[in-house]
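Here is a short guided report on a protein model, written for someone who likes to look at the atoms while reading. Keep the structure open and follow along from the metal site outward.

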Amino acid sequence: MPVINSIAAMEEEMTAWRRDFHMHPELAYQETRTAGIVAEKLKSWGIEVKTEIGKTGVVGVIRGAGDGPSIGLRADMDALPMDEHNDTPWKSRTAGVMHACGHDGHTTMLLGAAKYLAETRNFAGTVNVIFQPAEEGFAGAKAMIDDGLFRDFPCDQVYGLHNWPQMPAGSIAAVPGPIMAAADKFDITIRGKGAHGAMPHNGVDPVVIGAQIVTALQSLVSRTTDPIRTAVISVTMFKAGNAYNVIPDHAVLSGTVRTFDGRVQDRIEAGMKSIAEGIATGMGGRAEVDYRRGYPATVNHARETELARSVAAGVVGAENVRQDVEPTMGAEDFSFMLQEKPGCYLWLGGGGGAPSENVHHPQYDFNDAILPIGASVLARLVEDLQPKR
Ligand SMILES: [Zn+2]
Ligand SMILES: [Zn+2]
C-alpha cells in the first residue's frame, strides 16, 4: 500500500500550492494570506472551517461515515525572518522573510490529505485538520490551545509531521519518548559593589562571583542530573564592566537550558536559583535569577508512535521507517499539543531537494517530491486508525 494513487495524481497541483506559499512567506501571527487560502480551499471541498483561532490559526472539520473517534492532524504555516539565497522562479518575493523550515510544504501536505479525505470519507468519526500560526519561537500551538482548540474541536489523538532534510527522501522516523528538547532561557543579575580595580577590598566584585556561578552551574548537569538522563546548560553571555581599572557594581550572565524530562528541568531551575543566590550571598553580593521556560520537550506517546510507524510502513515500506534516529536538542511547539493529547510527531525524510540540507539556511528549499508521501501518510493515519465500520 504505497502512496495513495489519487494523492499521487495531485502532485502537480500540490507543487503549485507549495510554491505559491513559498513565494509569499509570512511571519508569526501575520499568516493572513496563507490562512485565507487554506480556509478557502477547505471550504471549496465542502469542509466546515473556523478561522482566527490563536489569532491566525485555521481548523477544518471533516466528518467520516458513522460515529467514531476524532483525530487531529496539524501543520504549521509561518516563515522565518531571513533573506532567501536561492534563485528559483518561486523564491520569496518578500525581502527578509523566507520559508526556510518547510512549513509551506507542511501546509500543502495537510491540504492534500484534507482534499482526499473530504472526497473519499472512507473513515469513521471526525478529522480536525489544524493549521497553526507561529511555530518559530512564538508558540502558535499554545495560542490555539488557549483559544479553545481542543474544547471546540475535541481530539482523541494528534499527529504532526516535519520534513527532515538530513534523512533520505521518503524515509520516516517515528520514535517513542522525548525526541526534541525543552528550550529555556535565563538571566542572572549579580549585584556587588563597585570599587577601584586596584582596591578590591573596598568593593564586592560581581565578576568573581559570576565566574564562580558559571563553574558551579555545570555541576547541575554532572551532579544533580541523573546520569541516565541528560541536560545542557550553556552560559552564552557574561556582561560586566567597561574599564580596565574599575570593578563594576553588577554583572549579568545569560544562556540556555535544554532538557528532555520535566523533573530534570524542575531540578535545574531550582538548582540554578540556589547556586546563584547562595554563591552571591556567600561572597557578599546578591543574585537574582530570571528563568523563563520556552517550549516544553516534545515527547511522543508510545502507543500512538507504534500506530504511526505501522501506518508509515504501509506507505513507504517497513525498510524506510527508521528506528535508529537520535533525539535532537532543537525544540518544537507541537510539544504543547502532545502535553494535552496522546500522539506522535513524525519526521519525513526530504533530502536532495535543494542546495542546503539544513532548515533555517538561506539556501534551503522544501523538496516537492515528498509532498504526495507526506499527504498519503496523513490520510492513511486517519483511514487506518479510524476504519469505517
Ligand atoms: Zn524551524
Ligand atoms: Zn519547522
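Cysteine 101 bridges two zinc ions, ligand 2 and ligand 1, and these ions lie 3.2 Å apart. Please keep in mind that this is a predicted model. The two sets of protein donors are set side by side here.

| Metal | Protein donors | Donor distance | Spacing along the chain |
|---|---|---|---|
| zinc ion (ligand 1) | Cys101 (SG), Glu136 (OE), His360 (NE2) | 2.0 to 2.3 Å | C-x34-E-x223-H |
| zinc ion (ligand 2) | Cys101 (SG), His103 (NE2), His162 (NE2) | 2.1 to 2.3 Å | C-x1-H-x58-H |

Which parts of the chain does the site of the zinc ion (ligand 2) tie together? Cysteine 101 sits in the loop between β3 and α4, while histidine 162 belongs to strand β5 (residues 157-164), so this pair joins parts that are 61 residues apart in sequence. Both cysteine 101 and histidine 162 are buried.

The zinc ion (ligand 1) also has donors from distant parts of the chain. Glutamate 136 comes from the loop between β4 (126-132) and α5 (140-146), and histidine 360 from the loop between β16 (343-349) and α11 (371-385); the two are 224 residues apart. Are these donors buried or exposed? Glutamate 136 has a relative accessibility of 16%, and because buried means under 20%, it counts as buried. Histidine 360, at 39%, counts as partly exposed.

**The next residue along**

Histidine 361 is likewise found in the loop between β16 and α11. Its relative accessibility is 30%, so histidine 361 counts as partly exposed. Setting aside neighbours within four places in sequence, histidine 361 is in contact with Met82, Met98, Ala100 and Ser356. For a sense of scale, the C-alpha atoms of histidine 361 and proline 178 are 25 Å apart in space, and these residues are 183 places apart in sequence.

**The nonpolar cores**

Away from the metals, it is worth looking at how the interior is put together. In soluble globular proteins, nonpolar side chains tend to be buried together. In this model the largest nonpolar core has 56 residues, and those touching the most other members are Leu42, Ile62, Val127, Phe131, Tyr159 and Leu381. Helix α11 gives the most to this core, with 9 residues. A second, separate core has 27 residues, among them Val59, Cys155, Met167 and Phe336.

Leucine 42 is a good residue to click on. What does leucine 42 touch, not counting residues up to four places away in sequence? Its partners are Ile47, Val49, Val58, Gly60, Leu111, Ala114, Val129 and Phe131.

**A cavity**

How many cavities of 30 Å³ or more does a search of the whole structure find? The search turns up 1, and the volume of the largest cavity is about 30 Å³. Its lining is made of Arg74, Ala75, His106, Met109, Leu110, Leu161 and Leu378. Two elements, β3 (70-76) and α4 (103-120), each give two or more residues to that lining. The largest share, 3 residues, comes from α4. By residue type, the lining divides into 5 nonpolar, 1 polar and 1 charged.

Notes: Residues numbered from 1 in each chain as written. Chains lettered and ligands numbered in written order. Predicted model: local features only at pLDDT ≥ 70, side-chain atom pairs only at ≥ 80, totals over all residues. Heavy atoms only, no water. Donors = N, O, S within 2.8 Å, 3.2 Å for Na, K, Ca; no water. Helix = DSSP H or I, 4+ residues; strand = E, 2+ residues; numbered from the N terminus. Buried < 20%, exposed > 50% of the residue type's maximum accessible area, 1.4 Å probe, protein only. 1 Å grid on protein atoms, 1.4 Å probe; cavity = no way out; pocket = protein on both sides within 12 Å on 5 of 7 lines; lining within 4 Å. Points joined across faces, edges and corners; volume = space filled by probe spheres on them. Nonpolar A, V, L, I, M, F, W, Y, C, P; charged D, E, K, R; others polar. Core = buried A, V, L, I, M, F, W, Y, C linked by side-chain atoms within 4.5 Å. Contact = heavy atoms within 4.5 Å.
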